[in-house]
Amino acid sequence: MNNFLIGLFLGIVMVGIIMFLYIRSVNQARRYLDDSMDAIAQGRYETRMYEYRNRGGDTKLFQSFNRMADHLEITIEEMSQERDVLRHILQNMTTGVIYLRSDGHVQMVNRAAERLFRRPVEQWQDRDHWTVLRNYNLSAAIDHALLFGTPWSDQLTIREGLAVSVRLVPISSGPRINPKSDSAHDVLMLVNDISEWRRLERMRSEFVANVSHELKTPIAAIRGFAETLLESDMGEPARTKFLNTIYDEALRMGNLVSDLLELSKLEATDSRIDPVAVDLATIADRAVDRLKRVAQERNIRLITPQDAGSIAVWAEPDMLLQVFLNLLSNAIHYSHDGSEVRVTWDVLVDRVKVHVQDDGIGIPSESLDRVFERFYRVHKDRSRASGGTGLGLAIVKHIVTSLGGEVGVDSTEGEGSDFWFTLSRLNSPETELS
Ligand SMILES: Nc1ncnc2c1ncn2[C@@H]1O[C@H](COP(=O)(O)OP(=O)(O)OP(=O)(O)O)[C@@H](O)[C@H]1O
Ligand SMILES: [Mg+2]
């Protein structure tokens, strides 16, 4: 009996010990699981559960935990990569983007918006849009969009010289995103700089106005003289004089139209210019040949470099000829009878700088910046008398810049002018010269 009792006692003690050990190991495993869960909750997604000798536990539970952690880690990684891509796109786009929370405070701005509004990001973050935008119409429209979800777009001038188009896109925020807010919409504000586009628009309309004005003058003259001829019975000398004027004006109109056609042709073929190696001296001589007669009439000598050797420039032969013709005819036209016009060039490392110089009437310094503009004429009467339209130098500039070169002028009023342009030089001996 005693033995039975001792056995029972020992059995109970054994069971107690086993239960104690089991409960301890379960508790340890639970604590371990709790700790691991906490680690994940704190963002340490690399946490995994391992089985140690002194740490009991359920292997299957650990495996499930590890699978979950793997999955979570991959998903979070993918999401953060996607977020980075979006952030790069947002920061580098040219459209200004401003995100306004439903309480009217700025949540996010990108770099373009910082630049457009000249305000660093710190001065936007969490501020009310009224205090940062400082534009009554815009802020009123934003409030309307926040409250009623009304989209809005308009063009505004933010400051001197900066015109923008603004678009407000209300985004339904709903109670899930912002439970405390009274208004139901966030607003995405998109801002684009349209100053350049406005400038081009203005240039286009100025151009049309200029062309119409330039055409109106000769047309009025021709009509006036023709009417007089028809109505009055005049003598032969007066008749000839009137007819000559009509002829000159018609010539001027013809010049204007062909210059305009030349310009628009140049603009249309801008991207299709196909430069080749061209011998500079050949083209210069060709231009001088064409203008020889006009120069001789006024006893002006045209001088080109002799024995300069062949210099290959990267250009389009007809266009280069046009550049020489325009510069030389100006030099002849704005020179005194009996003077000389010189063509010279400096050979630089990778470029050639070509000069067309005269000892003529020169250009006042305040006009130097403007002579390459379309329709700009310093000597209006002199230019008009020759049928000049003020487009010759604009054509020169257009051609040279589309060939990758530069143009310029140095001049002293009363002493003469030096018009120059640069072109790329080619020195490979096997290039075929045209
Ligand atoms: N070599 C020069 N010397 C002095 N003034 C010049 C010279 N070349 C050009 N100019 C001035 O620059 C203006 C613009 O020249 P541009 O060649 O563009 O027009 P234009 O000669 O008047 O007419 P066209 O379009 O028929 O050439 C001229 O009206 C003239 O006043
Ligand atoms: Mg000219």
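**Close-up 1. Contacts of Asp350 in the predicted model.** Asp350 touches Ser424 and Arg425, leaving aside residues up to four places away in sequence. In sequence, Asp350 and Ser424 are 74 residues apart. In space, their C-alpha atoms are 6.0 Å apart. Asp350 sits in the loop that runs between strand E9 (340–347) and strand E10 (351–358). Asp350 counts as exposed because 10 other C-beta atoms lie within 10 Å, and the cut-off for exposed is 12 or fewer.

**Close-up 2. Ile222 in helix H7.** Helix H7 spans residues 195–231 and includes Ile222. Ile222 touches Ile246, Glu249 and Ala250, again not counting residues up to four places away in sequence. With 18 other C-beta atoms within 10 Å, Ile222 is partly exposed. A buried residue would need 20 or more, so Ile222, with 18, does not qualify. Gln81 is 141 residues from Ile222 along the chain. The C-alpha atoms of Ile222 and Gln81 are separated by 73 Å.

**Close-up 3. Packing of helix H9 against H10.** Helix H9 covers residues 280–297, and helix H10 covers 317–333. Their axes are 9 Å apart and form an angle of about 35°. The crossing of H9 and H10 is right-handed. From H9, the contact takes in Ile283, Ala284, Arg286, Ala287, Val288, Arg290, Leu291, Val294 and Ala295. Facing them in H10 are Pro317, Leu320, Leu321, Phe324, Leu325, Leu328, Ser329 and Ile332. By class, this contact of H9 with H10 has 14 nonpolar residues, 1 polar and 2 charged.

**Close-up 4. The shell around ligand 1.** Ligand 1 is surrounded by 25 residues. The closest are Tyr334, Arg377, Val378, Gly388 and Gly392. Three helices, H8 (236–268), H10 (317–333) and H12 (392–402), each supply at least two residues of this shell. Helix H10 thus appears in two views: it lines ligand 1 here and packs with H9 in the previous close-up. Sorted by class, the shell holds 12 polar, 10 nonpolar and 3 charged residues.

**Close-up 5. Domains of the protein chain.** The domain assignment gives four entries: domain 1 (16–88), domain 2 (93–193), domain 3 (197–268) and domain 4 (273–434). The centres of domain 1 and domain 2, taken over C-alpha atoms, are separated by 43 Å.

Terms used: Residues numbered from 1 in each chain as written. Chains lettered and ligands numbered in written order. Predicted model: local features only at pLDDT ≥ 70, side-chain atom pairs only at ≥ 80, totals over all residues. Near = placed C-beta within 6 Å. Helix = DSSP H or I, 4+ residues; strand = E, 2+ residues; numbered from the N terminus. Nonpolar A, V, L, I, M, F, W, Y, C, P; charged D, E, K, R; others polar. Contact = placed C-beta atoms within 7 Å. Domains from an automatic or database assignment. Axes fitted to C-alpha atoms, helices over the stretch in contact; angles between N-to-C directions. Left-handed = near helix turned anticlockwise from the far one by under 90°.
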